[in-house]
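The report below sets out the overall fold of a chain and then turns to the surroundings of its ligands. Please read it alongside the sequence and the coordinates.

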Amino acid sequence: MGKTALITGVTGQDGSYLAELLIAKEYTVHGLVRRSSSFNTERIDHIYQDPQQPGRTMILHHADLSDGVALVNLLREVRPDEVYNLGAQSHVRVSFDSPMYTGDVTGLGTLRLLEAIRASGIDTRIYQASSSEMFGAAPPPQNERTPFHPRSPYGCAKVYSYWSTVNYREAYGMFAVNGILFNHESPRRGETFVTRKITRAVARIRAGLQERLYLGNLDAVRDWGYAPEYVEAMWRMLQRDEPDDYVVATGVPATVRDFLHAAFASCGLDWTRHVLFDPKYERPSEVDALVGDASKARDLLGWQPAVRWRELAGLMVEADIAALEEELSGARVRIDR
Ligand code: NDP
Ligand code: GDR
């Protein structure tokens with residue numbers, strides 16, 4: 001019998017790649033989907049299985065990280081071997097506009113899930129999606145021993161979740177781990193994060209559908225990796241004998257400007273002819289530089305990244321060009337639920 005996993009945030013970038021990975025490993029995957037007035041399952045449509053299908057390995061449930069009772073009920077019903085808490089209001093800029101909501105879902109949501117595991121009495125392992133944003137103003141390179149100094153309501157909420165996870169491990173002996181992941185991107189990255197915003201714009205400018213791209217701070221340094229590789233690290237953390245916390249990163253720095261240049265240049269375009277500054281995209285307090293030291297993950301998990309930011313920029317541009325061509329040809333069909 002294969003294992004059973006529950007993924008919160010299954011409709012997000014990481015949730016979709018993780019679901020694919022676990023299904024390939026013969027897990028039965030249960031995904032928590034929040035109610036939306038429009039379809040929000042586009043990233044997992046290709047692995048969706050009809051409720052009528054016998055022996056399903058992918059099962060979706062409506063629930064929300066703001067609803068603790070629903071989480072207890074879901075855990076009692078599913079009884080997963082592993083829980084991956086990827087659900088969050090994950091946009092840093094948005095967290096300044098909705099700090100309470102972000103604190104509730106991204107911070108307290110984790111506590112609700114941990115408490116739901118404890119209350120339901122099931123024996124399970126939990127992965128918490130912690131973030132390099134917790135390091136904030138702490139100078140790079142950052143590793144598991146770097147003190148946190150978050151610079152946004154999102155970063156503060158993730159620090160709360162990080163320590164709640166550690167606390168449940170220490171207080172109740174729970175197999176609870178934090179993956180402290182640095183930025184990771186892919187063709188499935190949300191359209192308002194800077195890498196995808198850039199690569200989508202490149203595809204549209206190339207096709208003559210858009211002339212300008214408005215961005216904020218181009219000087220920020222990030223450590224961009226490839227999301228499908230990062231979900232493998234999540235899984236490996238839960239297969240260890242002992243629970244622990246790990247940084248996952250490439251260790252290679254690049255500025256937003258570097259990424260911009262590489263993405264435009266991959267199509268022979270000059271970014272300086274198209275990009276304009278809009279202060280609306282700046283943050284009240286910025287995180288200047290995040291560069292991870294993932295030697296612990298390399299040594300203990302045997303995890304190493306293969307894709308670096310320049311290659312990532314190229315593959316994301318290529319995917320956005322292909323998606324745009326499909327959209328323009330009318331070939332894209334939505335699946336009904
Ligand atoms: P996404 O923003 O792509 O996905 C977030 C997921 O959370 C979506 O499925 C979203 O649902 C769901 N969600 C939002 N609010 C709620 C709620 N109230 N209840 C239940 N689910 C909810 O994020 P990523 O896939 O990029 O990231 C996954 C996790 O990892 C997040 O926790 C993020 O903060 C964290 N992280 C991400 C990094 C990155 O670089 N990508 C780096 C470090 C940490 P819906 O689809 O309906 O919006
Ligand atoms: P980040 O990612 O804040 O690092 O959080 P994002 O792509 O939003 O920003 C990266 C950097 O680019 C600068 N920037 C812009 N950002 C956006 N979104 N839009 C713009 O127009 C723009 N112009 C410049 C930002 O100021 C920033 O410095 C991501 C999220 O996935 C978090 O959930 C995750 O925890 C961290 O990565 C690690």
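What percentage of the 337 residues of the chain count as buried? In this predicted model, the buried residues make up 44% of the 337 in the chain. A compact globule of 337 residues would have a radius of gyration near 20 Å, and because the chain has 20 Å, the value agrees with that expectation. The C-alpha trace spans about 60 × 50 × 40 Å along its principal axes, and the secondary structure comes to 10 helices and 13 strands. Among contacts in the chain with a separation of 6 or more, 81% are accounted for by residues 24 or more positions apart.

Around ligand 1 there are 26 residues, of which Gly-9, Gly-12, Gly-87, Ala-88 and Ala-129 come nearest. The elements that give two or more residues to this shell are α1 (13–24) and β5 (125–131), and the largest share, 3 residues, comes from α1.

Ligand 2 is surrounded by 21 residues, the closest being Ser-131, Val-194, Gly-216, Ala-220 and Tyr-281. Here α3 (92–97) and α6 (194–206) each supply at least two residues of the shell.

The table gives the composition of each shell.

| Shell | Nonpolar | Polar | Charged |
|---|---|---|---|
| Ligand 1 | 7 residues | 16 residues | 3 residues |
| Ligand 2 | 8 residues | 7 residues | 6 residues |

Read by class, the shell around ligand 1 holds 16 polar residues beside 7 nonpolar and 3 charged, whereas the shell around ligand 2 divides into 8 nonpolar, 7 polar and 6 charged.

Note on methods. Residues are numbered from 1 along each chain as its sequence is written. Chains are lettered from A and ligands numbered from 1 in the order in which they are written. This is a predicted model: local features need pLDDT of at least 70, side-chain atom pairs count only at pLDDT 80 or more; totals for chains, interfaces and linings use all residues. A residue is near a molecule or strand if its C-beta atom, placed from the backbone, lies within 6 Å of it. Helices (H or I, at least four residues) and strands (E, at least two) are DSSP runs, numbered from the N terminus. Ala, Val, Leu, Ile, Met, Phe, Trp, Tyr, Cys and Pro count as nonpolar, Asp, Glu, Lys and Arg as charged, and the others, Gly among them, as polar. The radius of gyration is taken over C-alpha atoms; the globule rule is 2.2 Å times the number of residues to the power 0.38. A residue is buried if 20 or more other C-beta atoms lie within 10 Å of its own, exposed if 12 or fewer, and partly exposed in between; C-beta atoms are placed from the backbone. Two residues are in contact if their C-beta atoms, placed from the backbone, lie within 7 Å.
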